[in-house]
Every structure is written in structure tokens, then in C-alpha cells.
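Please open the model in a viewer and keep the sequence panel visible. The tour below proceeds by selection, with a short account of what is found at each stop.

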Amino acid sequence: MKNYLRGLVILLAVAICGSGKLESQELKPQEGDFIAKNFTFKDGEKLAELKLHYMTLGKPVKNAQGQVTNAVLIMHGTGGSGEQFMGKIFAGQLFGPGQLLDANKYFIILRDGIGHGRSSKPSDGLHMKFPKYDYDDMVAADHLLLTEGLGVNHLRLVAGTSMGCMHSFVWAETYPEFMDAAMPMACLPVQIAGRNRLWRQMAMQAITSDPGWKGGEYTEEPKTAMATWLDFLLIAGSAPIQMQKSMPTRDAADKFLEEAYATRTKGFDANDILYQVASSRNYDPSGQLDKIKAPVMWINSADDFINPPEEKVKQIAHAKFILLPASDHTYGHGTHTHAEVWKQYMQQLLEESAH
């Protein structure tokens, strides 16, 4: 149950693989920090030094024209980090010898988005004075990391889960010539509304209305707000079939929740969460989907608590939409990190976009 709880809590966000890291030395990533000097955000705010942490596997390969041909950017969900993709259920299915994204052939980039992981974020010290970044800022920073930090001028594939799914659509619209293919998983290419907006707004209100938040200048985490945040993660990131299987009795469900409150709120930071959730406020790629030129394989799961099973593929020139039916093999919103469920579609995308 503890492993399932760990995976469930982070799979919203969220999305960290609860089944543990791979131990194969063949998949030991290289880590680094890129410092963007005087980074200017879309609203005009500036940060003298914006740190972007990243992990890479493999080495870039260039063609005769100097274009990188094997780079793959994979982007995490809200509250996650690039490290989440190094688990057995993701890297173990994709990055090993002979697998789809064999690190001996591909240059795999796993970055921590602004406000996440070991990249610059409010909890570093600026608290609520940290620039109010949004998804456009995060994608612009990623582009800077690739081009100036890693020397990558082209992507074989851009992919992302949850928030990273939305970033994939922003990437494909903003830099339509930069990638050969895009694979967004677990999101919609429309303004965030409905249940998705509701839980975000409720989470933000839970933080800012907690007296312990103190306008962001707290000395200890606001307990009520963090408990409420965990409540949202447990519901939004879960799947009915999996939860019924793992908690088949009332006592098992009660024990699950008790353990969650005791262990899973310790790594939270209220300001970081507030910024992470708020960064989606103006996301709406729906009006520019016709700018996308790369083939798109867009995947959602029917048991996703957040995203309804609708599609807008007709507005994208070369797109396929896959709705995975709910089953014993899906994990609700977190299905995006279980590569075994959808990797055949990635293979199809890579084959169809090869040149």
C-alpha cells in the first residue's frame, strides 16, 4: 500500500513513479544546471539568474547540416520533476538497450520546469516576490536551456505528461519547426475550465485563506492548507478501479488516508504549490492549433478525473487522438507515467515521423 500511495500522490502532479528508480548503470543520467542571466518573463518581471536543473541520457548526434537529430525532451506534470521519469514504469520501459528511446541512440532531456524540482522557485527565498511565471515562460525557458545550455537546435520528439502535456502543445505552436513529432499525454488543448479549473482554484484558495500562510511569509507550512492539497491529489490523481483493488475494505481505505496524512505532506511547500497551480491561469492553445506542423500523437485515459474524453484533432494538421479505455491497466490521470500502457503509440509516432 505504501508504494501505491507514493505513486498515487505524485502521479497527479504530480506524476512521480512510485515503483522506484532504476539501478542499471547504463541509465545513470548526467545532471547539470543552466543559468539564464537576466531572464525576462512575459509580464516584464525579471530574474537576475534563473536556474534550470536538468538530467540527460545519451549524447546528441548531428547531421551534415549541423542539426541535432536524436534529442527527446520529456516534460513533467505540476509539482513533479525530471527525476520522476527515471522509475521502472517509465525509464524501465523506454530508455534501456533495444527499447523505444534507447539511451544509446537518443539524447534524452529531463528538465525541472521553472518553480519545480531543483530549478529556481519561490521557496529558494523570494517567496511571493518570485516572478509570476506562466506556461509560456516555462516553455521559453526550456527553449533557452536547449539552444544555449545544451546546444540542441532541433528535437526528434517533444513529449509531456499532465502539465507537460500542455507544454507540448505550447511548444508545438510556439516553435512549430523545432520538432519532428509531439506526444502530449493527459491534458486538453483548450482553456483550463470545468473540474480542472475548479480543483486548482479551490487549492489556491485553501492556501491563501489559511491563517498559517501569512501572505507567504510562514515559518512552518500551513497545516490545514497542506492537508487540503493532499486531499485534492488523492482524488484528482487516482483511478476508481485501482483504488478499489488496493483498498477493498473500509478499514483499508481509512488506513490509507491515515498514512497519507502522516507521511505525504512533509515535502510540500505552500508557496511553490501556489505558483505551480497558478501558472496554468492563461493557458489556452485552442486558437493557434493550426500552427502546429509536427505529427501529434495525443493520448488521454477514459478514467482521468481531471480531463473529459474530448478531442480537437481536426484543428491539428497531422494529429491522432487515442482515448485509453479504463481497465485494470490504467491509473486515471497517472496513466501517463505507465509507459507499458501506451508505448505502442509512441512507436507508431516515431515510425510515422521518421525521415
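Which strands does helix H3 (residues 135-149) lie across? Helix H3 lies across E1, E2, E3 and E4, and runs at about 115° to E1. Helices (H or I, at least four residues) and strands (E, at least two) are DSSP runs, numbered from the N terminus. Axes are lines fitted to C-alpha atoms, for helices over the stretch in contact (heavy atoms within 4.5 Å), and angles run from 0 to 180 degrees between N-to-C directions.

Before continuing, note that this is a predicted model, in which local features need pLDDT of at least 70, side-chain atom pairs count only at pLDDT 80 or more, and totals for chains, interfaces and linings use all residues. Residues are numbered from 1 along each chain as its sequence is written, and side-chain values use heavy atoms, with hydrogens and water left out.

**The sheet**

Select the eight strands of the open sheet, whose order is E1-E2-E4-E3-E5-E6-E7-E8, with mixed pairing. Two strands pair if DSSP finds at least two bridges between them. Strand E1 (30-40) and strand E8 (319-324) stand at the edges; each has a single partner strand, so one side of each is left without a neighbour in the sheet. On average, neighbouring strands of this sheet are turned by 20° against each other, direction ignored.

**Strand E4**

Next, select strand E4 (residues 107-111). Five of its five residues are buried, that is, under 20% relative accessible area (1.4 Å probe, protein chains only). Phe-107, Ile-109 and Arg-111 occupy one side of E4 and Ile-108 and Leu-110 the other, so that both faces are covered. In a regular strand the side chains alternate between the two faces of the sheet.

Add strand E2 (residues 46-57), which runs antiparallel to E4 and is joined to it by four bridges. Here Tyr-54 stands opposite Arg-111 in E4.

**Strand E3**

Now select E3 (71-75). Five of the five residues of E3 are buried, so this strand is largely enclosed by the rest of the structure. Ala-71, Leu-73 and Met-75 point one way from E3, while Val-72 and Ile-74 point the other way.

E3 pairs with E4 in the parallel sense over four bridges. Ala-71 stands opposite Phe-107 in E4, and the bridge partner of Val-72 in E4 is Ile-108. E3 also pairs with strand E5 (residues 157-161), in the parallel sense and over four bridges; Met-75 has Gly-160 in E5 as its bridge partner.

**Strands E6 and E7**

Move to strand E6 (residues 182-185) and strand E7 (residues 296-301), which pair in the parallel sense over two bridges. Met-185 stands opposite Ile-299 in E7.

**A loop residue**

Select Gly-79, in the loop between strand E3 and helix H2 (91-94). Gly-79 is partly exposed (from 20% to 50%), with a relative accessible area of 38%. Display Phe-268 as well: the two residues are 189 apart in sequence and 9.2 Å apart in space, C-alpha to C-alpha.

**The helix pair H5 and H9**

Finally, select helix H5 (residues 194-208) and helix H9 (residues 270-278), whose axes come within 10 Å and cross at roughly 150°. That makes H5 roughly antiparallel to H9 (an angle over 145 degrees). Arg-200, Met-204, Ile-207 and Thr-208 in H5 meet Ala-270, Ile-273, Leu-274, Val-277 and Ala-278 in H9.

Definitions and conventions. Angles under 35 degrees count as roughly parallel, over 145 as roughly antiparallel, 65 to 115 as roughly perpendicular and the rest as oblique.
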